[in-house]
Each structure stands twice: as C-alpha cells, then as structure tokens.
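Biologist: Could you walk me through one part of this model in close-up? I'd like to see how a loop residue sits against the helices around it.

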Amino acid sequence: MGYYKKFDNGLRLIVNKIEGFQSVSAGVLVKTGSINEESTENGISHFIEHVLFKGTSKRTAFEISDYIDRIGAQINAFTSKELTCYYTKSTNDRLKETLEVLSDIFFNSTFLKEELEKEKGVIIEEINMSEDTPEDLLFDLLAKSYYGEDGLGQTILGPAKNIRRFNVNNIKSYMDKFYTADNVVISIAGNVDENSAKTLVEELFSSKFTKDKSAHQVRSEFNKKSHLHLSKRIEQSHVGFAMKGLKMGDEKSDAFAIANTVLGGGMSSRLFQKIREELGLAYSVYSYPSQYKSNGVLEVYAGVNTDNRDLAAEAIVDEIRKFKREGVTEQEFLRAKEQLKSSTVFGRESTASQMLVHGKYMIYLGKQFDYDDRIKKLEQISLYDVNEIIERFFDIDKASTATVGPKRTSLKI
C-alpha cells in the first residue's frame with residue numbers, strides 16, 4: 001500500500017514508493033473527459049489537454065518542452081472518456097522540477113488567442129487522421145451504437161466544427177466545473193520520499209486551487225441495441241459488437257477478464273483460432289472489456305474482406321454463442337489466469353504504469369490499489385467463477401453492432 005494524503009480542500013495524493021528504481025513518474029489526474037461534455041462542447045476536454053502546453057505566464061510553449069528536455073525528463077498527456085491526465089517521467093532527483101512544470105501548465109496557462117488558433121489546426125488534423133483510420137471510426141461508431149449520442153457515446157476528439165468555435169471563455173468555464181481540488185488526484189510512483197512529495201504537492205498544487213467542488217458527473221445510459229453502418233470506400237470491412245460488461249471496481253472484474261482472455265484476448269483465444277487460423281476470414285480479430293465508473297462494455301472487433309463481412313460476422317456470433325453455452329475448459333482457465341497474473345506483475349516494473357493504476361484506482365474508486373491483494377484475489381478465482389460470469393454476460397444476441405466499409409447495409413444479429 002502506498003502513502004495517501006487527502007488535503008483539506010479535497011485534493012488527493014497517492015505516493016507509491018519503489019525501492020531500487022532510479023526513475024519517478026508523476027501524474028495529475030482529472031476526473032473528466034468526453035462523458036461530461038454537452039454536444040456543443042464535445043471535444044473540449046481533449047482541446048484543453050492540448051492547449052495547456054501552449055504557454056504559461058512564465059514559459060512559452062517552446063520553453064516548456066525545452067526545459068523538460070534539458071533536465072532529461074519526459075512530459076505528455078492524454079484524454080479518455082472519463083479522465084484527463086498530465087504526466088512526467090524523470091530521474092529521482094528531478095521530481096521537484098517536473099512537478100513545478102506540471103503545476104505551471106495546470107494553473108498558469110495563458111490561452112493566448114494565436115496559440116489557440118494554431119492548436120485548433122493541429123487537433124483538426126488529428127481528427128482527419130482518425131477519420132482516415134477505419135478501426136478508429138469503427139470504435140467511435142460502436143460506442144455510439146451502444147451508448148447513443150451523449151455521454152460515453154461521444155467521441156473524445158469531438159467534431160471539427162466544435163473545435164473551430166472554442167475560445168478562452170469556453171476553456172475557463174469548463175475548467176471551473178471540473179478542474180477542482182476534489183476532482184484531482186496527484187499520483188507519484190518511484191523511489192521518492194513520501195514526506196518530500198507531500199510538501200511539494202502541498203506547495204505546488206493544493207495551495208493553488210481556487211475551487212474545491214466539481215460539477216455533477218454524468219452517468220451514461222447503455223446498450224441501445226443499435227446497428228449502425230458507415231459507408232466508406234476502403235479495402236476492408238470493419239465489424240464490431242458491443243455487449244454488456246462490468247463497471248470499474250466490480251468484484252467479478254478479474255473473472256470477467258479471464259473469460260475475455262479465453263474468448264479474444266490473444267493468439268490462443270477462441271476467436272483468433274477460429275476466425276483467423278481455422279477459417280482464414282480475418283487478419284485482426286480480438287475482444288476486450290472497457291470499464292467505466294457507472295457501467296462497462298465488452299467489445300469484439302474484426303477487420304475482414306468485404307465479400308466475407310457477413311460470413312465472418314456470423315462465424316463470430318456462432319463462436320460467442322458456443323462460448324456462452326459451453327463455458328471454458330480447465331486448461332483454458334489456467335492459461336488465461338497465468339496471463340492475467342503475469343501482466344499484473346509486469347506492471348510493477350514500470351513507474352509510469354504504477355503511477356497510472358494507483359491514480360486511477362484512487363480517482364474512480366476512492367481507495368488505494370494493492371498489488372499483493374490483487375495477486376491474492378487472482379489466485380482465489382476458480383473455474384466455476386469464470387463460467388458463472390460467462391453465463392451472466394457474453395450475450396451476443398443482445399449486442400449492439402457497428403460496421404465500416406464499402407457495403408451499404410448495417411450488420412444485424
């Protein structure tokens with residue numbers, strides 16, 4: 001268990017000290033993303049993530065990156081459906097400097113009009129790149145098919161028309177609602193002194209917040225059972241299914257993860273062996289669970305020859321029905337369980353991974369992540385637990401679907 005501190009204004013700090021490591025990763029996690037955006041502001045979480053790097057009252061955009069490079073550190077950020085994260089990685093002796101830069105962009109960004117306009121062009125090109133990537137389009141369409149137009153059904157990047165319209169008032173209004181002390185977790189992982197980290201965070205972050213309480217967090221509806229299609233002149237057809245999954249923190253999540261590994265989590269999985277190796281209908285085919293604060297979804301993807309789209313889809317449906325009907329064998333269970341255990345162990349060897357897993361656990365569930373407890377619980381999962389979860393979920397007949405490709409019709413089950 002790491003060191004934990006909750007400041008009076010609601011800001012939380014989690015420090016996971018790792019003896020023997022010479023690097024440290026620090027993240028500022030904000031519990032907001034596209035789920036909290038109105039349709040007219042869809043894309044603003046990601047827009048803010050970009051423009052916070054475009055200059056502060058003490059540094060230009062170049063000076064931010066130049067300073068980080070000069071101390072041999074790395075800085076980056078990402079936006080997801082429910083989270084925006086700004087993070088650094090450095091040697092142990094540079095933690096103070098990297099936290100100071102994170103604090104500077106977080107509290108002192110100037111949002112100059114000319115910089116905003118330039119970054120709009122960058123983001124619109126990112127949107128264009130996504131629209132030229134059929135797999136990205138498929139997953140965006142599948143989210144819309146499952147969740148609808150709002151909340152988790154919205155894209156992270158947003159539409160270009162919104163990006164062109166955003167201004168400094170939109171940015172500050174959104175940040176006032178969600179960039180608040182109670183909605184932020186600082187997560188640090190590496191060979192660092194907990195008391196020193198607490199002092200730095202208190203000085204550079206906790207003392208600087210002007211708002212303590214965040215706005216209401218959106219809860220997204222799910223499983224619209226829609227069947228959507230986007231006609232696009234490309235070589236392949238891309239097929240996706242979305243079924244009900246588990247929300248983040250559910251006690252059955254690990255059993256669900258083991259079941260997913262058997263179904264479509266790797267080269268030995270049922271879907272890979274059946275659809276690719278035996279039938280030769282796809283180059284890429286896999287499944288994975290996405291877990292959110294209020295719900296979860298299991299998604300299945302395949303990229304196939306257009307002439308074989310419906311045939312491949314039928315084969316996937318048949319394989320998932322068989323999976324639900326028969327469950328997994330003991331050999332499959334043991335293999336998948338070992339895969340999940342090893343991936344958990346591998347995560348302990350990266351300060352960046354530890355920073356993120358500890359931070360996300362705290363920001364979503366309000367408690368500390370314990371690796372040893374996780375391994376212990378994995379050991380206790382039985383074949384019965386996994387087959388029970390398969391009986392409850394993995395219902396392909398209630399799935400939403402999405403397809404992208406040259407055909408003009410949607411896929412129906």
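Modeller: Let's agree on a term before starting: contact, or touching, means heavy atoms within 4.5 Å. Keep in mind, too, that this is a predicted model.

Now go to threonine 56, which lies in the loop between helix H1 (44–51) and H2. Its relative accessibility is 8%, so threonine 56 counts as buried, the cut-off for that being under 20%. Leaving aside residues up to four places away in sequence, threonine 56 touches Ile64, Asp104, Ile105, Asn108, Ser109 and Thr110. With aspartate 104 there's also a polar contact, side chain to side chain, of 2.8 Å.

Two of those names, Ile64 and Ile105, turn up again where the helices meet: Ile64 belongs to the H2 side of that contact and Ile105 to the H3 side. Helix H2 covers residues 61–70 and helix H3 residues 95–108. Their axes are 11 Å apart, and the packing angle is about 165°. That makes H2 roughly antiparallel to H3, because angles over 145 degrees count that way. As for handedness, H2 and H3 cross in a left-handed sense.

What do the two faces bring together? From H2 come Ile64, Tyr67 and Ile68, and they meet Glu97, Val101 and Ile105 of H3. Sorted by class, the contact of H2 with H3 has five nonpolar residues, one charged and no polar.

So here's the loop residue you asked for: threonine 56 is buried, and its contacts include Ile64 and Ile105, both of which take part in the meeting of H2 and H3.

Note on methods
Residues numbered from 1 in each chain as written. Predicted model: local features only at pLDDT ≥ 70, side-chain atom pairs only at ≥ 80, totals over all residues. Heavy atoms only, no water. Axes fitted to C-alpha atoms, helices over the stretch in contact; angles between N-to-C directions. Helix = DSSP H or I, 4+ residues; strand = E, 2+ residues; numbered from the N terminus. Parallel < 35°, antiparallel > 145°, perpendicular 65-115°, else oblique. Left-handed = near helix turned anticlockwise from the far one by under 90°. Nonpolar A, V, L, I, M, F, W, Y, C, P; charged D, E, K, R; others polar. Buried < 20%, exposed > 50% of the residue type's maximum accessible area, 1.4 Å probe, protein only. Polar contact = N/O pair within 3.5 Å; in protein donor to acceptor, adjacent residues only side chain to side chain.
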